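Morning, everyone. I have a few minutes on one model, so let's get straight to it. Please pull up the structure.

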Amino acid sequence: MAATASIQSSLTKPSFTTLQNSPSFSPISNIRFSSPLTSPSKLLSSVSFHTPQPQPQPLSFRRSATASPVANASSTTFHGLCYVVGDNIDTDQIIPAEYLTLVPSNPDEYKKLGSYALIGLPSSYPIRFVEPNEYTSKYSIIIGGDNFGCGSSREHAPVALGAAGVSAVIAESYARIFFRNSVATGEVYPVETEVRICEECKTGDVVTIELGEVNKLINHTSGKEYKLKPIGDAGPVVEAGGIFAYARKTGMIPSQSA
């Protein structure tokens, strides 16, 4: 039986209030958020785990090696080609329901998820995000509009993007469930814009994202710079690889080797 934990926190986007899970990372759909995600230092401060037996094969999400940021103590930087989408990109466009049978903890199936990322976009997007017979995309940064990730609560959505090599999504706003799953899985950085960057950038532009003290997006193709909203303390959770990896890293729960 899965472990039960009660998590109270106050992170900058959705916070983690109830979690039915195991410390070895059961499905993310059991995590519930109800208030802003701003303080991961309190993320598991009131957690009590009861684990009669360890999970034999815990679910383990991994960001693609191509999506790893360049990081130092005060900043995280991403550089690459961007793929631009509009408003209300839902999870069925990000990863259609027919591919939800793929299990991210299986390396081969995780890889396949990347090949189907954004395959549900309509024909109004003539440029495919992932080329046929490829598993990863040449676009490592997605720029979107309002309400990115709306729709069903499938954690496969950020996982598919991470598997395709996406390091960050830059959008005007997010559906709470997508933001939550992005942070919980540690697959992509969900960063909000201060203006509608999606109307000023185009697919294929070369961009750099600097998070930390600066928080900006530089479009090297157009020569313009844009201010981004701070991701706050959710950033270290994503960088650690997700909520449980962060908890182990900070000593909130025992490491798997302990």
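One definition before the tour: buried means under 20% relative accessible area, exposed means over 50%, and partly exposed lies in between. Keep in mind that this is a predicted model.

Take Lys-229 as the test case. Its relative accessibility is 34%, so Lys-229 counts as partly exposed. Its partner is Glu-192, and the two side chains meet in a salt bridge, 4.0 Å from N to O. Glu-192 sits in strand β8, whereas Lys-229 lies in the loop between β11 and α5. That puts the partners 37 residues apart, so to speak, in distant parts of the chain. Glu-192 has 13% relative accessibility and therefore counts as buried.

Now look at β8 itself, residues 189-192. Which of its faces are covered? Both are. Tyr-189 and Val-191 are buried on one side, Pro-190 and Glu-192 on the other. As a general point, side chains in a regular strand alternate between the two faces of the sheet.

Next door is β7, residues 168-171. It runs parallel to β8, with four bridges joining them. Ile-170 has Val-191 as its bridge partner in β8. Add helix α4, residues 176-185, and β7, α4 and β8 form a right-handed β-α-β unit.

How many of the ten residues in α4 are buried? Eight, so to say the helix is mostly covered. Among them are Phe-178, Phe-179 and Val-183, but also Arg-180 and Asn-181. Just after the helix, Gly-186 adopts a positive phi of about 70°.

On to the core. The largest nonpolar core holds 54 residues. Phe-129, Ile-143, Phe-148, Leu-161 and Ile-170 touch the most other members. Helix α3, residues 156-163, is the biggest contributor, with five residues. A second, separate core has five residues, including Ala-184 and Phe-244.

Stay with Ile-143 for a moment. Beyond its sequence neighbours within four places, its contacts include Val-84, Ile-170, Ile-197, Cys-201 and Leu-217.

Last topic: charges. The whole structure has eight salt bridges. Asp-205 pairs with Lys-202 at 3.1 Å, N to O. Glu-225 pairs with Lys-216, with the closest N and O atoms 3.6 Å apart. Are these two acids buried or exposed? Asp-205 is buried, because its relative accessible area is 4%. Glu-225 is exposed, because its value is 51%. Finally, Asp-87, Glu-172, Arg-196 and Glu-199 are joined into one network by salt bridges that share partners.

That's my tour. Over to you.

Conventions: Residues are numbered from 1 along each chain as its sequence is written. This is a predicted model: local features need pLDDT of at least 70, side-chain atom pairs count only at pLDDT 80 or more; totals for chains, interfaces and linings use all residues. Side-chain values use heavy atoms; hydrogens and water are left out. A nonpolar core is a set of buried Ala, Val, Leu, Ile, Met, Phe, Trp, Tyr and Cys residues joined through side-chain atoms within 4.5 Å. Buried means under 20% relative accessible area, exposed over 50%, partly exposed in between (1.4 Å probe, protein chains only). Helices (H or I, at least four residues) and strands (E, at least two) are DSSP runs, numbered from the N terminus. Contact means heavy atoms within 4.5 Å. Two strands pair if DSSP finds at least two bridges between them. A crossover is right-handed if, with the strands pointing away from the viewer, the path from the first strand over the helix to the second runs clockwise.
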